[in-house]
Amino acid sequence: TTRFGVIGLIYLVLLSDLEVVGACFSIRTKSPASRLFLDTAVESEWDELLPLGIFHGITTNPTLLERAKQPCTVSNIQRMAHRALSHPNCEEFMCQAWGETAQELYETGLQLATTIPNVVNDQVVIKVPVTAEGTKAASMLIQSNVRVCLTACYTSHQALIAASVGAEYLAPYLGRMDDAGKDGADEILAMQQIVDSFSAHRHGNKGTNNNNDEETSVGRTRIFVASIRSVSSMVELAAKGLDTFTFSPDIARALFNSEPLTIQAANDFEP
C-alpha cells in the first residue's frame, strides 16, 4: 500500500509539473481567437514588421501590388506567398483573384492557391468580391478545398451571403463605408451578430461568441475588418468583440508610437 502511495504521489508531482509547463507554453503562443494581418505588398515592410510577432499573416490585393510595383501575375504572387510564408511569424497569405466571370475568378484563384504543382496550399487564402459572380467562384473554390475570403463588403446583409456559402472570412471596408456616408462600425457589428447567430444555430445554440479554430474549420465566418484609418477605430471594434483585422504598416507603427507616456517610461528605464 505504501509503495502504491509513493507512486501515486510521484505521479501527482509529475502531473503538476506538466501542467506548469503547459501553462508556460500557452503563455508563449498567440491566441487563436485573434488574428491581425499586415496589409502591404512591400516585402521590406514584411521584414521590418513581421518580427514584432503580433501578426497572423499578410494581405495583398491588385491595388497594393501596383503601389509596390509588383507584377500582378500568378507566378509573382506565388513567389510572394512562398517568401511571406517562409517567415516564422507568418501563418497565412491572402491574395486576390481576378476575372470577369465566376469561372475566370475560380481558375485564377485555384492557380494562386496551388503554390506547389497539383497541391492546394492551405496557408493561402483567396479573396474574391462578394458579388454574384464572386460568390459563385467562392463556392467552387471552397469545393476545391481552397480557403476563401469574400471581400469588398459594404453592408451588413452581405454577412448572410458569406456565412451561407461557407467563406472563412468576410472583409468589410470600415473607412470606405464611412466615406460613403454609412456608419461603418454599426454595419460591422451587425455583420458580427449575423455570423454569431449562424454559428449558434450550426452548433446547437451552444454559444454565440466561440471564436476557436475548430469552429472556423467547420464553417464560422470571421468578420475581417479592412480599410482601417486609425488605431482608435480598431480599438473601438476590438472592445466590442471583433477579433480579426488587417491594417497598413503605418497603423502598425502607430500601435507602438501613439502613446508618448510609454515611450517616456521606456526611456526612463535606460541606465
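## A tour of salt bridges, pocket and core

Begin by selecting Arg253, which is partly exposed, with a relative accessible area of 25%. In this predicted model, the side chain of Arg253 forms a salt bridge with Asp250, and the closest N and O atoms of the two are 3.1 Å apart. Colour helix 12 next, since Arg253 and Asp250 both lie in that helix, three residues apart, or about one turn of the helix. Asp250 counts as exposed, at 57% relative accessibility.

Now select Arg35, Glu92, Arg147 and Glu168 together, which are joined into one network by salt bridges that share partners. Within this group, show the side chains of Arg35 and Glu168, which meet in a salt bridge with an N to O distance of 3.5 Å. The pair links distant parts of the chain, 133 residues apart, for Arg35 belongs to strand 1 (residues 35–39) while Glu168 sits in the loop between helix 7 (158–165) and strand 6 (169–172). Arg35 is buried, with a relative accessible area of 6%, and Glu168 is buried as well, at 13%.

For another pair, select Asp179 and Arg229, whose side chains meet in a salt bridge at 2.8 Å, N to O. Asp179 lies in helix 8 (residues 174–179) and Arg229 in the loop between strand 7 (222–225) and helix 11 (231–239), so this salt bridge ties together parts that are 50 residues apart in sequence. Asp179 counts as exposed because its relative accessibility is 56%, with the cut-off for that class set at over 50%. The count of salt bridges in the model comes to 14.

Turn then to the largest pocket, which holds about 670 Å³ of space. To centre the view there, select Asp39, Asn61, Leu64, Arg67 and Arg176, the closest to the pocket centre of the 30 residues that line it. Helix 3 (62–67), strand 5 (147–153), strand 8 (244–247) and helix 12 (249–257) each supply at least two residues of this lining, and helix 3 gives the most, with four residues. Colouring the lining by residue class should show 13 nonpolar, nine polar and eight charged residues.

Finish in the largest nonpolar core, which has 59 residues, of which Phe93, Ile126, Val225 and Leu237 touch the most other members. Select Phe93 and display its contacts beyond four places in sequence, which include Trp46, Ile58, Ile77, Met80, Leu85 and Val124. Apart from the largest core lies another core, of seven residues, among them Phe37, Met94, Val125 and Phe224.

Conventions. Residues numbered from 1 in each chain as written. Predicted model: local features only at pLDDT ≥ 70, side-chain atom pairs only at ≥ 80, totals over all residues. Heavy atoms only, no water. 1 Å grid on protein atoms, 1.4 Å probe; cavity = no way out; pocket = protein on both sides within 12 Å on 5 of 7 lines; lining within 4 Å. Points joined across faces, edges and corners; volume = space filled by probe spheres on them. Nonpolar A, V, L, I, M, F, W, Y, C, P; charged D, E, K, R; others polar. Core = buried A, V, L, I, M, F, W, Y, C linked by side-chain atoms within 4.5 Å. Buried < 20%, exposed > 50% of the residue type's maximum accessible area, 1.4 Å probe, protein only. Contact = heavy atoms within 4.5 Å. Salt bridge = Lys/Arg side-chain N within 4 Å of Asp/Glu carboxyl O.
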